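Thanks for making the time this morning. I would like to walk through one structure with you, going from its strands to its ligand site and then to a few single residues.

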Amino acid sequence: MKSDSHMLLAETAPEAGSVMTKETPQRRARRRIYLSPPHVGDAERRFVAEAFEGNWIAPVGPNLDAFESEMCAASGSKAAVCLSSGTAALHLAVRLSGVRPGDEVFCSTFTFAASAGPILYEGARPVFIDSEHLTWNMDPGLLAEALARKAGQGRLPRAIIVTDIYGQCARWDEILGTAAGYGVPVIEDAAEAVGASYRGKWAGLFGHIGVYSFNGNKIMTTSGGGMLLSSDRALVERAKKLSTQARDPAPHYEHSELGFNYRMSNVLAGIGRAQLEALPRRINRRREIFEHYRKALGDLKGVGFMPMMPEGRSNYWLTCMTIDPSRSSVRPAHVLAALAADDIEARPLWKPLHKQPLYADAECFGGGVSEELFARGVCLPSGTAMTEEDIGRVVAAARSAFHEWQV
Ligand SMILES: *Cc1c(COP(=O)(O)O)cnc(C)c1O
């Protein structure tokens, strides 16, 4: 029987399919290693087949309801709605937080562009807040400073979007305490942090609205998809209505507000159900991969890894390595080049949003920490279908960069 890691390779890596001749070790070694490819198998196939058999090939059907209630049971959320992407979920979260044109919205700067895009969709203005060294997430002290300054100017933000970066929770006690002091709602971008927790509570449950992504590269995937969660059931019902063109109850098509086509399809929700069953195993495997890299590369001069806060439990979505330029002459670009030469996909850490051309004019509190992370860090391949041999290849390629460039 094929293991699901072989199925993944057969299905997602074009070069693997083309290797029809004898599998020599050299050929296998040339297989491309991806940063975080989808990891799927028979369970996913079964749920999708069921959707076909019942002809539920629509943004309605039993997998959607089941996926929502299973995610609620797993996370402890009171309510959730499946959407077409994490970005769609963030957009609805921003709208449902009452953000209007001209408003300011605070946002983590060390994050993916999708965290802040919906602020612009609504004609509002992002104000970025830098990270702290401890978790790489929004610095609670800077947040307090920024809120105090804005309150003094009589211009509080309409909402605060906080990302749980690379699968590790922000320091939620501090952030929520500060935000509550000013009565500003918090949106939790837990797109990367499905299954992570902080003081025993799941990522996604800390803001008044939480958001997950099930994009193809995330720890749980539906190929593309997302989810909006909240303990406020009425709010989730509003999100569901807005995601299905905001139809009013009537036999004809009646609309009194603007809607969107943001619902997930029933087919894809089936993939999500199988992925959720596997999530605890996937998190364990990602942690093993992180520990493996840490052991195999941690002795190199200047090399560090993303710090893990003891109050939280990361899902270890991506292993992030840093190189201290005061202790090593090796730069992330050297490591990336060495990996690319062996057909291994890796990436620098997120480029902070306040340094993106799109946000050249945006205000930012702090900025040095995220800029430093961007300059120093590399995300290593962390897919759960990786074999020990694959990890060994990544380690060897990374070490070769130090061998070549360390002076
Ligand atoms: C992936 C991601 C998103 C967007 O999710 P999609 O499902 O790809 O739209 C948002 N925020 C962060 C931090 C992400 O990593």
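Let me begin with a small question: which residue stands opposite Ile323 in S12? The residue is Val303, and please keep in mind, for this and for everything that follows, that we are looking at a predicted model.

That pair belongs to a connection in which 3 bridges join S10 to strand S12, residues 319–323, with the two strands running antiparallel. Within the neighbourhood of S12 we also find Phe305, which stands opposite Met321. Moving to another partner of S12, there are 4 bridges that join S12 to strand S15, residues 377–380, again in the antiparallel sense, and here the bridge partner that Thr322 has in S15 is Gly377.

If we step back to the whole sheet, it is an open one, formed by 4 strands in the order S10-S12-S15-S13, with antiparallel pairing. Its edges are strand S10, 303–305, and strand S13, 347–348, each of which pairs on one side only.

How much of S12 is buried? The strand is mostly covered, with 5 of its 5 residues buried. In a regular strand the side chains alternate between the two faces of the sheet. For S12 we see Thr319, Met321 and Ile323 pointing one way, while Cys320 and Thr322 point the other way, and all of them are buried.

A second strand to put beside this is S2, residues 104–108, which is likewise mostly covered, 5 of its 5 residues being buried. From S2, Glu104, Phe106 and Ser108 point one way and Val105 and Cys107 the other, and all are buried. The pairing of S2 is in the parallel sense: with strand S3, residues 125–129, over 5 bridges, and with strand S4, residues 159–163, over 3 bridges. As individual examples, Cys107 stands opposite Phe128 in S3, whereas Phe106 stands opposite Ile160 in S4.

Let me turn now to the ligand, which I expect will interest this group. There are 16 residues around the ligand, and of these Thr87, Asp189, Glu192, Ser213 and Lys218 come nearest. By class, that shell has 4 nonpolar, 9 polar and 3 charged residues, and its largest share, 3 residues, comes from helix H6, which covers residues 86–96.

Which atoms of the protein lie at 2.7 Å or less from an oxygen atom of the ligand? Gly86 places a backbone N or O atom 2.7 Å from a ligand oxygen, Glu192 places a polar side-chain atom 2.6 Å from one, and Ser213 places a polar side-chain atom 2.7 Å from one. As for cover, the ligand on its own has 380 Å² of accessible area, of which the protein covers 93%.

One of the residues that come nearest to the ligand, Asp189, also leads us to a serine, since a polar contact of 2.7 Å joins the side chains of Ser115 and Asp189. Ser115 lies in the loop between S2 and helix H7, 117–121, and its side chain makes a further polar contact, of 2.6 Å, with the side chain of Thr111. Is Ser115 buried or exposed? With a relative accessible area of 1%, Ser115 is buried.

Another serine in a loop is Ser36, whose place is between helix H3, 25–29, and helix H4, 42–53. Ser36 counts as buried because its relative accessibility is 7%, which is under the 20% cut-off. A polar atom of the Ser36 side chain lies 2.7 Å from the backbone oxygen of Asn217, and a polar contact of 3.1 Å joins the side chains of Ser36 and Arg286.

I will finish with helix H5. Its 14 residues, 62–75, should span 20 Å at 1.5 Å a residue, and the end C-alpha atoms are 20 Å apart, so the expected and computed values agree. The buried residues of H5 are Asn63, Leu64, Ala66, Phe67, Glu68, Met71, Cys72 and Ser75. After H5 comes Gly76, whose phi is positive, near 90°.

Notes. Residues are numbered from 1 along each chain as its sequence is written. This is a predicted model: local features need pLDDT of at least 70, side-chain atom pairs count only at pLDDT 80 or more; totals for chains, interfaces and linings use all residues. Side-chain values use heavy atoms; hydrogens and water are left out. The expected span of a helix is 1.5 Å times one less than its number of residues. Buried means under 20% relative accessible area, exposed over 50%, partly exposed in between (1.4 Å probe, protein chains only). A residue is near a molecule or strand if one of its heavy atoms lies within 4 Å of it. A polar contact is a pair of N or O atoms within 3.5 Å; within protein, one must be able to donate a hydrogen and the other to accept it, and residues adjacent in sequence count only if both atoms are side-chain atoms. Accessible areas come from the Shrake-Rupley method with a 1.4 Å probe; for residues, only the protein chains shown count as cover. Ala, Val, Leu, Ile, Met, Phe, Trp, Tyr, Cys and Pro count as nonpolar, Asp, Glu, Lys and Arg as charged, and the others, Gly among them, as polar. Two strands pair if DSSP finds at least two bridges between them.
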